[in-house]
Amino acid sequence: MDNGYIILGIITLLFLSMYGFAYFSVAMEKIKQRRAQKRELEKEEQKRKQRIRNQEIRDEKLRKFNERKEEIQKELLLLEKMKQKQKVS
């Protein structure tokens, strides 16, 4: 009877090891999938931040351009007024 328990124990260990090996491969695949998904989300977040930074740079350039445009228009108006004063004088 002792040999029967030993054989039964060995068979149980065999099935447990087969189950463990099968589960291990599935678990590893899930872990790899989660890591890949996490990397993808990080890449998307980085791209989104880069787009925001680029948009801020474009907005700043546009703002400076518009300010300069207004300054030039004011200068042109001032010159036009000065020209009108000289004609009147």
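**Note on a single-helix chain**

1. Overall fold. The chain contains 1 helix and 0 strands. With a radius of gyration of 38 Å, well over the 12 Å that the globule rule gives for 89 residues, the chain is more spread out than a compact globule. Please keep in mind while reading the points below that this is a predicted model.

2. Dimensions and spacing. Taken along the principal axes, the box filled by the C-alpha atoms of the chain is roughly 130 × 10 × 5 Å. One pair of residues gives an idea of the spacing along the chain: F21 and E40, which are 19 residues apart in sequence, have C-alpha atoms 29 Å apart in space. Of these two, E40 is found in helix 1, and E40 is partly exposed, with a relative accessible area of 42%.

3. Burial and surface. What share of the 89 residues in the chain is buried? The figure is 0%, where buried stands for a relative accessible area under 20%. The chain exposes about 9,200 Å², and 61% of that area is supplied by carbon and sulfur atoms.

4. Nonpolar patch. On the surface, I7, I11, L14, F15 and M18 form a nonpolar patch, and their accessible area together comes to about 500 Å². L14, one of the members of this patch, lies in helix 1, which covers residues 2-88. With a relative accessible area of 45%, L14 is classed as partly exposed; since a patch is made of residues with over 30% relative accessible area and no salt bridge, the value of 45% for L14 is over that cut-off.

5. Charge. The chain carries 23 positive and 14 negative charges, and the mean positions of these two sets are 4 Å apart. A patch of positive charge is nevertheless present on the surface, where K32, R35, R39, K43, K47 and R51 gather. Among these residues, R39 is found in helix 1.

6. Salt bridges in general. Side chains of opposite charge can pair when their charged atoms come close. How many salt bridges does the structure hold? There are 4 of them, and three are described in the points that follow, each with its place in the helix and the accessibility of its two partners.

7. The E45 and R48 pair. The side chains of E45 and R48 meet in a salt bridge, with an N to O distance of 2.5 Å. Because E45 and R48 are 3 residues apart in helix 1, about one helical turn separates them. Both ends of this bridge can be placed on the accessibility scale: E45 is partly exposed at a relative accessible area of 32%, and R48 is partly exposed at 35%.

8. The R63 and E67 pair and its network. R63 and E67 also meet through their side chains in a salt bridge, at 2.4 Å from N to O. These residues both lie in helix 1, 4 residues apart, which corresponds to about one turn of the helix. R63 counts as partly exposed at 38% relative accessibility, and E67 counts as partly exposed at 37%. The pair belongs to a wider arrangement, as E60, R63 and E67 are linked in a network of salt bridges.

9. The R68 and E71 pair. R68 forms a salt bridge with E71, and the closest N and O atoms of the two are 3.4 Å apart, a distance to be read against the criterion of within 4 Å that is used for a salt bridge. R68 and E71 are 3 residues apart in helix 1, so they are separated by about one helical turn. As for accessibility, R68 is partly exposed with a relative accessible area of 48%, while E71 counts as partly exposed at 44%.

How values were computed:
Residues are numbered from 1 along each chain as its sequence is written. This is a predicted model: local features need pLDDT of at least 70, side-chain atom pairs count only at pLDDT 80 or more; totals for chains, interfaces and linings use all residues. Side-chain values use heavy atoms; hydrogens and water are left out. Patches are made of residues with over 30% relative accessible area and no salt bridge: like charges are joined within 9 Å, nonpolar side chains (Val, Leu, Ile, Met, Phe, Trp, Tyr) within 5 Å. Accessible areas come from the Shrake-Rupley method with a 1.4 Å probe; for residues, only the protein chains shown count as cover. Buried means under 20% relative accessible area, exposed over 50%, partly exposed in between (1.4 Å probe, protein chains only). Lys and Arg count as positive and Asp and Glu as negative; His and the chain ends are not counted. The place of a charge is taken as NZ of Lys, CZ of Arg, CG of Asp or CD of Glu. The radius of gyration is taken over C-alpha atoms; the globule rule is 2.2 Å times the number of residues to the power 0.38.
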